[in-house]
Amino acid sequence: MTVGIVSYGAYIPRYRIKVSEIAKVWGADVQSITGGLRVQEKSVPDLDEDTATIAVESARNAINRGGIDPSRIGAIYTGSESHPYAVKPTGTIVADAIGAAPNLTVADFEFACKAGTAGIQTCMGLVESGRIDLGLAIGADVAQGAPGDALEYTAAAGGAAYIIGRDPDQLVAEIEGTFSFTTDTPDFWRREGMPYPEHGGRFTGEPAYFKHITSAARGLLTELNTTPADYDYAVFHQPNGKFPRRVAASLGFTSEQIDPGIVVTTFGNTYSASCMIGLAAILDIAAAGDRIFMTSFGSGAGSDAFSFRVTDRLDGIRSGAPSISDLLAEKEYVDYATYARHKGKIRL
Amino acid sequence: MSVPRFWRHISSRYNLIGTRCNTCGEYYFPPRTMCPNCRRDGSIEEYQFKGYGEVVTYTIIHTASEGFDMQTPYPLAIIQLDEDPRMTGQVVCDNDEIAIGMRVKPIFRKLGEDGAAGIIYYGTKFIPA
């Protein structure tokens, strides 16, 4: 049975802070920070924006783009590491705000930066089995980084929503396969009640990011009997501008394949939304028949790889919602003090 | 605000659900269950407002009530929706950007919260269209 993307949408807050502004506050060397991370600026949520509002705006863009009747949605899974409530699903707010409630199942997912793609896989299962007509998977975050911590230079805000269905006449991209790789690698965590995540450092590169993405990606390539040369585009989780390029090269993907999906340099690491926004940027330009390879990564501990094939229906729906370049064009820079106020880093 | 009081208005706040009288054609927001024009001849049904409209008038809030103090100074406006009803709402824009007659469209935002432990209230605000 076929399964795939029926529509997609994204949302990025309009405020930006330059990485050089953050480096200046902490007395860090601007050149070595921006050169090392290859990130110039990151998005900053407004005072009244959080993961729920970003998830709703992303989902509404997906519904508007595809002209979807929201009552067809039988499941909503919202992946985030910054759900506004510790207990009360973000998805309940999304379901009511998009008009999908009440006849559906909802749950929130948490797997640091890959919770959104776990949502896609869950929707695939329910859709393929015929349990539901359409499923909505969202990755949304207002990512947290402690003041002065390395994460603060890239932790950004944004969201992406994908509507998953099975009717071949409605798909804009078929999902050809998915493969996951998961271990208990202690690299990135946040304990209950703590405002900011911790990261191991020791594991961040090779044993976490590179091992998991490479293993999931190779697993899927083997399962589908494909090679990197079979794909027109590839997108990998983007904690910075350096890692996705390096992992792509080690797998055999070229810069021409991955450059269109590299979004981290202009608005930072949107965590659960990271490679899902990268995929949206590719769908904004992909042509019928193009194949796209995607691999997410989260919490040092897991990766989900996907293979997509674009259908001729994508052209027809593309203009129904803002593209990633539309969302990036509208921006306003803030200084560190304003950023600290927006992020609630100043406690009264 | 009490939790049940907000809960009752979720459909209006999230999706601008109001009502319309099929007899006289008048739109109501917040929703009315009876048409004051047609009275017993009225025929009220639910209507979802598009959320597009224009600023009738506005003020800049410098001294806010509790919970809004981090946002000051911010604009608060009376919006006339394209279907006719007027409503009070926050316009998310710079204070020198807002103007009488400015076109606006809806956006989903956090309206407030009952402190750090209470419920978070979401709903519709406006941005320049």
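**Aromatic pairs, sheets and unusual backbone spots**

Tyr209(A) is tucked away: its relative accessible area is just 1%, so it counts as buried (under 20% is buried, over 50% exposed and anything in between partly exposed, using a 1.4 Å probe and protein chains only). The model is a predicted one, in which local features need a pLDDT of at least 70 and side-chain atom pairs one of 80 or more, while totals for chains, interfaces and linings use all residues. Residues are numbered from 1 along each chain as its sequence is written, chains are lettered from A and ligands numbered from 1 in the order in which they are written, and side-chain values use heavy atoms, with hydrogens and water left out.

A search of the whole structure turns up 23 aromatic pairs over all chains (Phe, Tyr or Trp rings, the six-membered one for Trp, with centres within 6.5 Å; planes under 30 degrees apart are stacked, over 60 edge-to-face, and the rest tilted). One of them brings Tyr209(A) together with Phe243(A): the ring centres are 5.0 Å apart and the planes sit at 50°, so this pair is tilted. Tyr209(A) belongs to helix α6 (residues 204-224) of chain A and Phe243(A) to helix α7 (residues 243-251) of chain A, so the pair ties together parts 34 residues apart in sequence (helices are DSSP runs of H or I with at least four residues, strands are runs of E with at least two, and both are numbered from the N terminus). Phe243(A) is buried too, with a relative accessible area of 14%. In chain A, Tyr231 and Phe293 make another pair, with ring centres 5.2 Å apart and planes at 65°, so this one is edge-to-face. That pair also links distant parts of the chain, since Tyr231(A) is in the loop between α6 and β11 (233-236) of chain A and Phe293(A) is in strand β12 (residues 291-295) of chain A, 62 residues apart. Both ends are buried: Tyr231(A) has a relative accessibility of 4%, and Phe293(A) comes in at 0%. Back at the starting residue, Tyr209(A) and Phe243(A) join Phe210(A) and Phe297(A) in one aromatic cluster.

Elsewhere in chain A, Thr51(A) sits in helix α3 (residues 51-66) and is buried, at 0% relative accessibility. Its contacts beyond four places in sequence include Ser80(A), His83(A), Thr90(A) and Asp141(A) (contact means heavy atoms within 4.5 Å). The C-alpha atoms of Thr51(A) and Thr78(A), 27 residues apart along the chain, are separated by 9.4 Å.

Chain A also has an open sheet of three strands in the order β3-β2-β14, with mixed pairing (two strands pair if DSSP finds at least two bridges between them). The edges go to β3 (41-44) and β14 (332-333) of chain A, each with a single partner strand, so one side of each is left without a neighbour in the sheet. Strand β2 (residues 15-18) of chain A runs antiparallel to β3(A), and four bridges join the two. Tyr15(A), for instance, has Val44(A) as its bridge partner in β3(A).

Chain B has two helices and eight strands, and both helices come before the strands along the sequence, in the pattern α-α-β-β-β-β-β-β-β-β. Its C-alpha atoms fill a box of roughly 50 × 35 × 20 Å along the principal axes, and 40% of its 129 residues are buried. Strand β8 (residues 120-128) of chain B has eight of its nine residues buried, so it is largely enclosed by the rest of the structure. Nine bridges join β8(B) to the antiparallel strand β7 (residues 103-113) of chain B, and Lys110(B) stands opposite Tyr122(B) in β8(B). The two strands β7(B) and β8(B) make a hairpin with six residues between them, and Gly115(B) in the turn has a positive phi of about 70°.

A few backbone oddities round things off. Most residues other than glycine have a negative phi, and most peptide bonds are trans. In chain B, a cis peptide bond joins Phe29(B) and Pro30(B), with omega at about 0°, and another cis bond joins Thr72(B) and Pro73(B), with omega at about -10°. Pro30(B) is in the loop between β2 (27-28) and β3 (44-48) of chain B, whereas Pro73(B) is in the loop between β4 (53-61) and β5 (74-81) of chain B. In chain A, Lys88(A) is not a glycine yet has a positive phi of about 140°, and it is partly exposed at 31% relative accessibility. Asn225(A) has a positive phi as well, near 55°; this residue is in the loop between α6 and β11 of chain A and is exposed, with a relative accessible area of 70%.
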